[in-house]
Amino acid sequence: MKNIAIVTGASSGIGEAFVKEICSVDDKFDEIWIVARRQDKLDALVALTGDRRLRPVKADLTDASDLESIGKRLEAGDYSVDLLINCAGLGKRGNVADNAIEDIAATINVNCQSLSLLTKIVLPFIKTAPVKKKGGRIINIASSAAFLPQPGFAVYAASKSYVLNFSRALGAELAAKGIVVTAVCPGPVDTEFLGKATGGRETEFTGIRKSFVADADKLAKASLKASFRGRRVFVYKFSQKVIHFISKAVPTGLVLCFEQKLLKN
Ligand SMILES: NC(=O)c1ccc[n+]([C@@H]2O[C@H](COP(=O)([O-])OP(=O)(O)OC[C@H]3O[C@@H](n4cnc5c(N)ncnc54)[C@H](OP(=O)(O)O)[C@@H]3O)[C@@H](O)[C@H]2O)c1
């Protein structure tokens with residue numbers, strides 16, 4: 001039986017950082033499936049790491065037939081999935097009234113629907129273990145945007161609330177099988193994400209957000225450790241832990257007023 005890892009969103013940013021980290025520290029995988037639409041980027045990652053275990057899987061996760069073909073590939077071989085990282089995601093800034101319908105649909109589709117469907121498809125192949133022994137692991141990349149409603153980024157923030165709550169509930173369902181589900185909640189991370197979120201208007205974090213920006217490689221390393229330790233929710237960096245605390249301690253209406261004021265300035 002082949003022991004494998006599957007990483008979506010592997011063609012750039014945080015997903016790519018996860019793949020590099022797994023290649024450098026983990027020798028227990030026979031294959032590492034790297035999933036995204038941009039084949040050239042996946043091939044470049046294979047060349048960069050020189051890791052012969054990497055298997056590029058070109059797939060649009062919003063396409064039902066591409067999801068189905070991942071399931072068929074798993075069924076056709078003798079695979080045990082030890083690690084599934086759902087990292088593919090996107091968001092578009094702007095008020096809902098100004099967002100394009102296709103951008104709203106793509107955000108919900110990739111961040112929520114395809115994440116859930118791929119998890120469902122992979123689940124039968126995930127390694128199980130008696131309680132308190134280590135079974136397989138699922139890491140879902142949520143965001144600190146999951147903690148609060150965000151005017152100006154409403155669909156994205158709500159989609160990440162879904163990822164966070166889906167992960168917590170799934171983790172409870174799978175605990176008896178020894179499978180750990182970790183929702184990772186970083187703040188801003190230095191990747192292609194911002195440029196895509198603003199239609200290229202902004203490509204780097206500025207102002208106060210700059211001091212909160214995390215490095216993708218460090219985030220990936222810390223997240224893998226957190227999942228190995230069995231963490232259910234991993235909020236990355238102190239600044240985001242503060243936001244997490246505020247989201248629990250302060251009434252949401254009050255935070256919304258503050259956010260609106262920030263937007264006006
Ligand atoms: N960067 C941040 O500030 C930040 C903060 C918190 C959370 N996150 C979350 O972290 C995750 C990774 O984001 P990132 O920062 O690494 O951004 P990124 O560099 O833009 O990476 C996004 C990845 O998602 C893949 N993807 C998007 N749509 C897809 C689709 N339809 N089918 C298959 N793959 C698709 C992209 O691959 P292709 O384009 O090649 O398909 C790419 O590999 C996302 O879930 C994001 O919400 C990011």
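In this predicted model, a polar atom in the Thr198 side chain sits 2.9 Å from the backbone nitrogen of Glu202, a polar contact being a pair of N or O atoms within 3.5 Å, where within protein one must be able to donate a hydrogen and the other to accept it, and residues adjacent in sequence count only if both atoms are side-chain atoms. Thr198 itself is found in the loop between α6 and α7 (216-228); helices (H or I, at least four residues) and strands (E, at least two) are DSSP runs, numbered from the N terminus. With a relative accessibility of 2%, Thr198 is buried (under 20% relative accessible area, with exposed over 50% and partly exposed in between, using a 1.4 Å probe and protein chains only).

A word on the ground rules. Residues are numbered from 1 along each chain as its sequence is written. The model being predicted, local features need pLDDT of at least 70 and side-chain atom pairs count only at pLDDT 80 or more, while totals for chains, interfaces and linings use all residues; side-chain values use heavy atoms, with hydrogens and water left out.

On to the ligand. There are 31 residues around it, and Ser11, Arg37, Tyr156, Thr191 and Lys196 come nearest (a residue is near a molecule or strand if one of its heavy atoms lies within 4 Å of it). By class, this shell holds 16 nonpolar, nine polar and six charged residues; here Ala, Val, Leu, Ile, Met, Phe, Trp, Tyr, Cys and Pro count as nonpolar, Asp, Glu, Lys and Arg as charged, and the others, Gly among them, as polar. An N or O atom in the side chain of Arg37 is 2.7 Å from a ligand oxygen. The backbone joins in too: an N or O atom of Leu61 lies 2.9 Å from a ligand nitrogen, and a polar backbone atom of Gly89 is 3.4 Å from a ligand oxygen. On its own the ligand has 890 Å² of accessible area, and the protein covers 97% of that (Shrake-Rupley method with a 1.4 Å probe; for residues, only the protein chains shown count as cover). Two or more residues of the shell come from each of α1 (13-25), α5 (154-174) and α6 (193-197).

Away from these contacts, a few single residues deserve a look. Arg38 belongs to the loop between β2 (31-36) and α2 and is partly exposed, at 29% relative accessible area. Its C-alpha is 9.4 Å from that of Ser12, with the two positions 26 residues apart in sequence numbering. Leu48 is part of helix α2 (residues 39-49) and counts as exposed, at 58% relative accessibility. Leu48 and Lys20 are 28 residues apart along the chain, and their C-alpha atoms are 9.0 Å apart.

Lys237 is a backbone oddity: despite not being a glycine, this residue has a positive phi of about 85°. Lys237 is located in the loop between β7 (233-235) and α8 (238-249), and with a relative accessible area of 34% it is partly exposed.
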